[in-house]
Amino acid sequence: MDIQRWRQRLEELPLGELYLYQEVGSTNSEAEKLVGQGAPPFSLVLADAQTAGRGRQGRGWITQPGSALALSWILYPEPGRIQPELLGRLAGLGAVAVWEVLQEIYHLSANIKWPNDLLVEGKKVAGILPEVHWDGCQLTDIILGIGLNVHREALPPDAELLFPAATLEECLGKRISRLDLLIQIMESLLKWYQRLAEPSLVNTWNSALAYRDQEVVLSAPRGEIARGKVLGVDEDGSLSLRDHSGLVQSYHSGEIQVRLVDRS
Ligand code: BT5
């Protein structure tokens, strides 16, 4: 990654400070440190490679050098946008912003696997990790982490995966510029951030939702917690399911995994 060139392009966007690295442990962890040092709102932490990239629930995220995007966007409380009632929408903000770029600019047929995965052809190309920090009951900041597999070399070894993965290069059949893609994603994030409180965010999330009307299993680390037909995402970002007895229930993301019921 040519840090100077990337910085020049990013400086054209209304972001806070730009923190660009060749390699870090995790951009989310780095962002957390930078928040402690007073990083301004909308600052971007970006790394060419991560040695300890993080997923949810202590899982890892692999970012191979020169082939992927790994970024963390720093947000602070703002009435009408970043406020406690809207926190359930943050994974949707990241997912919808990336989804729209994949659909509209790259004409890829993508889906959002609730709460935080982007799928193309049923394989995971990106993951979102929103981390919310509190001081007692006061919301202090949010770090919105996004990892995206761009070039073929970004593909992690099968043994590291719980779910099939893919890269944009494989899905598109050609190589694209990571820097152009980054700029497009940041523009999309800035746009959808403005709409965080609006119905359009959840509507778009729903229109992109994977497994709609299909039977899924929700599981947490302690095992299966529900199974039913996917009805959609609610206003607060939770997933609504109808079980076999007709009961409709909503589930907050937390530690939940969604899996399609195998009918074969
Ligand atoms: C996620 O977690 O999907 C959220 C990933 C967020 C990564 C970004 S990169 C920038 C920022 N800084 C960080 O440290 N993290 C964020 P989860 O749903 O828990 O999925 C994790 C699982 O995805 C792993 O257990 C693997 O099975 C799989 N995985 C790991 N690396 C992958 C990759 N590059 N592509 C596809 N799947 C991957």
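1. A good place to start is Ser238, whose side chain makes a polar contact of 2.6 Å with that of Asp236. (A polar contact is a pair of N or O atoms within 3.5 Å; within protein, one must be able to donate a hydrogen and the other to accept it, and residues adjacent in sequence count only if both atoms are side-chain atoms.) Ser238 sits in the loop between S9 and strand S10 (239–242), where helices (H or I, at least four residues) and strands (E, at least two) are DSSP runs numbered from the N terminus. Ser238 is buried, at a relative accessible area of 1%; buried means under 20%, exposed over 50%, and partly exposed in between, with a 1.4 Å probe and protein chains only. Not counting residues up to four places away in sequence, Ser238 touches Trp114, Gly232, Val233, Ser250, Tyr251 and His252, contact being heavy atoms within 4.5 Å.

2. A word on the basis of these notes: this is a predicted model, in which local features need pLDDT of at least 70 and side-chain atom pairs count only at pLDDT 80 or more, while totals for chains, interfaces and linings use all residues. Residues are numbered from 1 along each chain as its sequence is written, and side-chain values use heavy atoms, with hydrogens and water left out.

3. Now the interior. The largest nonpolar core has 72 residues, and Leu10, Leu118, Val125, Leu148, Leu181 and Met186 have the most contacts inside it. Its largest share, 10 residues, comes from helix H5 (residues 178–194). Apart from this core lies another, of eight residues, including Tyr19, Leu34, Ala39 and Val45. Here a nonpolar core is a set of buried Ala, Val, Leu, Ile, Met, Phe, Trp, Tyr and Cys residues joined through side-chain atoms within 4.5 Å. In soluble globular proteins, nonpolar side chains tend to be buried together.

4. Leu118 is worth selecting in your viewer. Leaving aside neighbours within four places in sequence, Leu118 has contacts that include Ala95, Val98, Trp99, Leu102, Ile112, Val125 and Ile128. Polar and charged partners appear too, among them Asn111, Lys123 and Lys124.

5. Helix H6 (residues 199–208) has Leu201, Val202, Thr204, Trp205, Asn206 and Ala208 buried. These buried residues pack against helix H3 (90–104), strand S4 (110–113), H5 and strand S9 (223–233).

6. For anyone thinking about voids, the largest pocket holds about 780 Å³ of space. Of the 37 residues that line this pocket, Arg59, Gly60, Trp61, Asp117 and Lys124 lie nearest its centre. Helix H2 (27–36), strand S3 (68–75), strand S6 (123–135), strand S7 (138–149) and strand S12 (257–260) are the elements that give two or more residues to the lining. By class, the lining has 15 nonpolar, 14 polar and eight charged residues; Ala, Val, Leu, Ile, Met, Phe, Trp, Tyr, Cys and Pro count as nonpolar, Asp, Glu, Lys and Arg as charged, and the others, Gly among them, as polar.

7. The whole structure has one cavity of 30 Å³ or more, and about 40 Å³ of space lies in the largest cavity. Its lining is made of Lys113, Trp114, Leu209, Ala210, Tyr211, Val230, Leu239 and Val258, seven of them nonpolar, none polar and one charged. On a 1 Å grid over the protein atoms alone, a cavity is a set of points where a 1.4 Å probe fits but cannot get out, and a pocket is an open set with protein on both sides within 12 Å along at least five of seven lines; lining residues have an atom within 4 Å of a point. Grid points are joined across faces, edges and corners, and a volume is the space filled by probe spheres set on the points.

8. Some backbone details deserve a look. The peptide bond from Trp114 to Pro115 is cis, with omega near 0°, and Pro115 lies in the loop between S4 and strand S5 (117–120). Tyr211 has a positive phi of about 65° although it is not a glycine; Tyr211 is buried, with a relative accessible area of 14%. Gln57 also has a positive phi, of about 55°, but Gln57 is partly exposed, at 43%. Most residues other than glycine have a negative phi, and most peptide bonds are trans.

9. Finally, Thr167 is in the loop between S7 and helix H4 (168–172) and is buried, with a relative accessible area of 0%.
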